[in-house]
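The following paragraphs trace how side chains meet in this model, beginning with the aromatic rings and moving on to the charged groups. Please keep the sequence and the structure in view while reading.

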Amino acid sequence: QVQLVESGGRLVQAGGSLRLSCLVSGRTFSKYASGWFRQAPGKEREFVAAINWSGASITYVDSVKGRFTISRDNAKNTVNLQMNSLKAEDTAVYYCAVNLDYVKATGQKDEYHYWGQGTQVIVSS
């Protein structure tokens, strides 16, 4: 069983930065891959970034490349998303997720086993 808790979401001005964090606990396997997804009102949940256990495999959606950085600290069981140069279209609820098949950093949401409750990011102009 795995529990995920996101934190760090808030209102921020366009061009600003935020750092989201996801704390993972209660996992049944010591290794896992992680991802960040987001969902804006009236839209489908979409992939943002993913990282495998070792950090050797990282994937981003094209719209955030060069602006967002995913990282992890396995000793602390945290997965982070550093978001720079934020745009209004980044406004969404951001969710972290865990994939117990830890080798790959997949962008497919149906391949993730556990999800957090989300943290709200609002980018104002």
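Five aromatic pairs are counted here, where rings of Phe, Tyr and Trp (its six-membered ring) pair if their centres lie within 6.5 Å, and planes under 30 degrees apart count as stacked, over 60 as edge-to-face and the rest as tilted. One of them joins Y32 and W53, whose ring centres are 5.3 Å apart and whose planes meet at 65°, so the pair is edge-to-face. Because Y32 lies in the loop between β3 (18-25) and β4, and W53 in the loop between β5 (46-51) and β6, the pair ties together parts that are 21 residues apart in sequence; strands (E, at least two residues) are DSSP runs, numbered from the N terminus. Both Y32 and W53 are buried, a term that means under 20% relative accessible area, with exposed meaning over 50% and partly exposed in between (1.4 Å probe, protein chains only).

The model is a predicted one, in which local features need pLDDT of at least 70 and side-chain atom pairs count only at pLDDT 80 or more, whereas totals for chains, interfaces and linings use all residues. Residues are numbered from 1 along each chain as its sequence is written, and side-chain values use heavy atoms, with hydrogens and water left out.

A further aromatic grouping, a single cluster, is formed by F37, F47, Y112 and W115. Within this cluster, F37 is buried at a relative accessible area of 0%, and Y112 likewise counts as buried, at 6%. Charged side chains also approach rings, a charge sitting over a ring if NZ of Lys or CZ of Arg is within 6 Å of the ring centre and within 35 degrees of the ring normal: R45 lies over the face of W115, 5.1 Å from the ring centre, and the charged end of R72 sits over the ring of Y32, at 4.8 Å from its centre.

Turning to opposite charges, the count of salt bridges is four, each being a side-chain nitrogen of Lys or Arg within 4 Å of a carboxyl oxygen of Asp or Glu. R38 and D90 form one of these, at 2.9 Å from N to O, and since R38 belongs to strand β4 (residues 33-39) while D90 is in the loop between β8 (78-83) and β9 (92-99), the pair ties together parts that are 52 residues apart in sequence. R38 counts as buried at 5% relative accessibility, and D90 is buried at 0%. D90 also forms a salt bridge with R67, the closest N and O atoms being 2.8 Å apart, and shared partners join R38, E46, R67 and D90 into one network of salt bridges.

Methods: Helix = DSSP H or I, 4+ residues; strand = E, 2+ residues; numbered from the N terminus.
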